[in-house]
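Here's a quick look at a model, with an eye on its surface and its open space. Have the viewer ready and follow along.

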Amino acid sequence: MFEERIYRNEVLGKMGHVFERFRFLMRTKTLNKDQMETIDYHISEIMKVLNECR
């Protein structure tokens, strides 16, 4: 259980970092269409996995 909790915290930390990085980039740069599509694809894949965990 302890190892699982550590891993869960690492995943949550990475997700938080991704969110903050994305917010920063939206304020400072313009991502091209391919970059946005790649980001959207990966977020969609993460959401699929999370939705399967109900």
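## Two exposed spots on helix 1

Lysine 14 sits in helix 1. With a relative accessible area of 57%, lysine 14 is over the 50% cut-off, so it counts as exposed. Keep in mind that this is a predicted model. If you want a distance to check, try lysine 14 and serine 44: they are 30 residues apart in sequence, and their C-alpha atoms are 16 Å apart in space.

Tyrosine 7 belongs to helix 1 too. Its relative accessibility comes out at 56%, so tyrosine 7 is exposed as well.

## The nonpolar patch

Tyr7 also turns up in a nonpolar surface patch of about 750 Å². Its partners there are Val11, Leu12, Met15, Ile43, Ile46, Met47 and Leu50. Both helix 1 and helix 2 chip in, each with at least two residues of the patch.

## The largest pocket

Now for the open space. The largest pocket holds about 410 Å³. Helix 1 (2-28) and helix 2 (33-52) are the elements that give two or more residues to its lining. Helix 2 has the largest share of that lining, with 8 residues.

In total, 15 residues line the pocket, and those nearest its centre are Met15, Val18, Phe19, Ile43 and Ile46. What is the lining made of, in terms of nonpolar, polar and charged residues? The split is 11 nonpolar, 3 polar and 1 charged.

Met15, Ile43 and Ile46 are worth a click: they are listed in the nonpolar patch and also lie among the residues nearest the pocket centre.

Terms used
Residues numbered from 1 in each chain as written. Predicted model: local features only at pLDDT ≥ 70, side-chain atom pairs only at ≥ 80, totals over all residues. Heavy atoms only, no water. 1 Å grid on protein atoms, 1.4 Å probe; cavity = no way out; pocket = protein on both sides within 12 Å on 5 of 7 lines; lining within 4 Å. Points joined across faces, edges and corners; volume = space filled by probe spheres on them. Helix = DSSP H or I, 4+ residues; strand = E, 2+ residues; numbered from the N terminus. Nonpolar A, V, L, I, M, F, W, Y, C, P; charged D, E, K, R; others polar. Patch = residues over 30% accessible without salt bridge, like charges linked within 9 Å, V, L, I, M, F, W, Y side chains within 5 Å. Areas by Shrake-Rupley, 256 points an atom, 1.4 Å probe, with all protein chains shown as cover. Salt bridge = Lys/Arg side-chain N within 4 Å of Asp/Glu carboxyl O. Buried < 20%, exposed > 50% of the residue type's maximum accessible area, 1.4 Å probe, protein only.
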